[in-house]
Amino acid sequence: MSAAGESGRTQQNRARAQDLEQAAERATDPAERQRLKDQARQLKEQSEHAGGTRTPDTDPTVSSHR
């Protein structure tokens, strides 16, 4: 996947996580509130992992042979 595609997906995940956090704040049911918070946390974690934490051994565009 291209870097631009990953960046776009990362931004979408962050925006979705923020929407979920706001929905959790408005939720009156404690179970629903916790579910929304958990979903937001998962999306944040995914976006953090996708947002530039690649190393040479995980980046397919970087050759490990020298």
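Modeller: A salt bridge is counted here when a side-chain nitrogen of Lys or Arg lies within 4 Å of a carboxyl oxygen of Asp or Glu. The model under discussion is predicted, and it holds 4 salt bridges.

Biologist: Why is the pair of lysine 44 and glutamate 21 called a salt bridge?

Modeller: The N to O distance between the side chains of lysine 44 and glutamate 21 is 2.5 Å. The cut-off is 4 Å between a nitrogen of Lys or Arg and a carboxyl oxygen of Asp or Glu, so the pair qualifies.

Biologist: Which parts of the chain does the pair of lysine 44 and glutamate 21 tie together?

Modeller: Glutamate 21 belongs to helix 1 (residues 3-26) and lysine 44 to helix 2 (residues 30-50), so the bridge ties together parts that are 23 residues apart in sequence. The chain has 2 helices and 0 strands.

Biologist: What makes lysine 44 and glutamate 21 count as buried, partly exposed or exposed?

Modeller: Lysine 44 has a relative accessible area of 35%, and glutamate 21 has 28%. Buried requires a value under 20% and exposed a value over 50%, with partly exposed in between. Both residues are therefore partly exposed.

Biologist: How do you know that arginine 41 and aspartate 38 form a salt bridge?

Modeller: Their side chains meet at 4.0 Å, N to O. The criterion reads within 4 Å, so the pair of arginine 41 and aspartate 38 is counted as a salt bridge. Both residues lie in helix 2, 3 residues apart, about one turn of the helix.

Biologist: What makes Asp38, Arg41 and Glu45 a network?

Modeller: Asp38, Arg41 and Glu45 are linked by salt bridges. Arginine 41 meets aspartate 38, and arginine 41 also meets glutamate 45 at 3.4 Å, N to O. The latter distance falls within the 4 Å limit, so it too is a salt bridge. Arginine 41 and glutamate 45 are 4 residues apart in helix 2, again about one turn.

Biologist: How are the residues of this network classed by accessibility, and why?

Modeller: Arginine 41 has a relative accessible area of 41%, aspartate 38 has 28% and glutamate 45 has 36%. The partly exposed class lies between 20% and 50%. Arginine 41, aspartate 38 and glutamate 45 are therefore partly exposed.

Biologist: Why is leucine 36 given its accessibility class?

Modeller: Leucine 36, in helix 2, has a relative accessibility of 8%. The limit for buried is under 20%, so leucine 36 is buried.

Biologist: What makes up the largest nonpolar core?

Modeller: The largest nonpolar core holds 7 residues: Ala17, Leu20, Ala24, Ala27, Leu36, Ala40 and Leu43. Helix 1 and helix 2 each supply at least two residues of this core. The set is called a core because its members are buried nonpolar residues joined through side-chain atoms within 4.5 Å.

Biologist: Which residues does leucine 36 touch, leaving aside those up to four places away in sequence?

Modeller: Leucine 36 touches Leu20, Ala23, Ala24 and Ala27. The C-alpha atoms of leucine 36 and alanine 23 are 7.1 Å apart, with their positions 13 residues apart in sequence. Under the same exclusion, alanine 27 is in contact with Glu32, Arg33 and Leu36.

Biologist: Are serine 47 and asparagine 13 buried or exposed, and how do you know?

Modeller: Serine 47 has a relative accessible area of 1%, and asparagine 13 has 17%. Both values are under 20%, so both residues are buried. Serine 47 lies in helix 2 and asparagine 13 in helix 1.

Biologist: What does each of these two residues touch beyond its neighbours within four places in sequence?

Modeller: Serine 47 touches Thr10, Asn13 and Arg14. Asparagine 13 is in contact with Leu43, Gln46 and Ser47.

Biologist: What makes the approach of serine 47 to lysine 44 a polar contact?

Modeller: A polar atom of the serine 47 side chain lies 2.9 Å from the backbone oxygen of lysine 44. The limit for N or O atoms is 3.5 Å, so the distance satisfies it.

Biologist: Why is serine 7 classed as it is by accessibility?

Modeller: Serine 7, in helix 1, has a relative accessibility of 37%. The value falls between 20% and 50%, so serine 7 is partly exposed. Its C-alpha atom is 9.0 Å from that of serine 47, although the two are 40 residues apart along the chain.

Methods. Residues numbered from 1 in each chain as written. Predicted model: local features only at pLDDT ≥ 70, side-chain atom pairs only at ≥ 80, totals over all residues. Heavy atoms only, no water. Buried < 20%, exposed > 50% of the residue type's maximum accessible area, 1.4 Å probe, protein only. Contact = heavy atoms within 4.5 Å. Polar contact = N/O pair within 3.5 Å; in protein donor to acceptor, adjacent residues only side chain to side chain.
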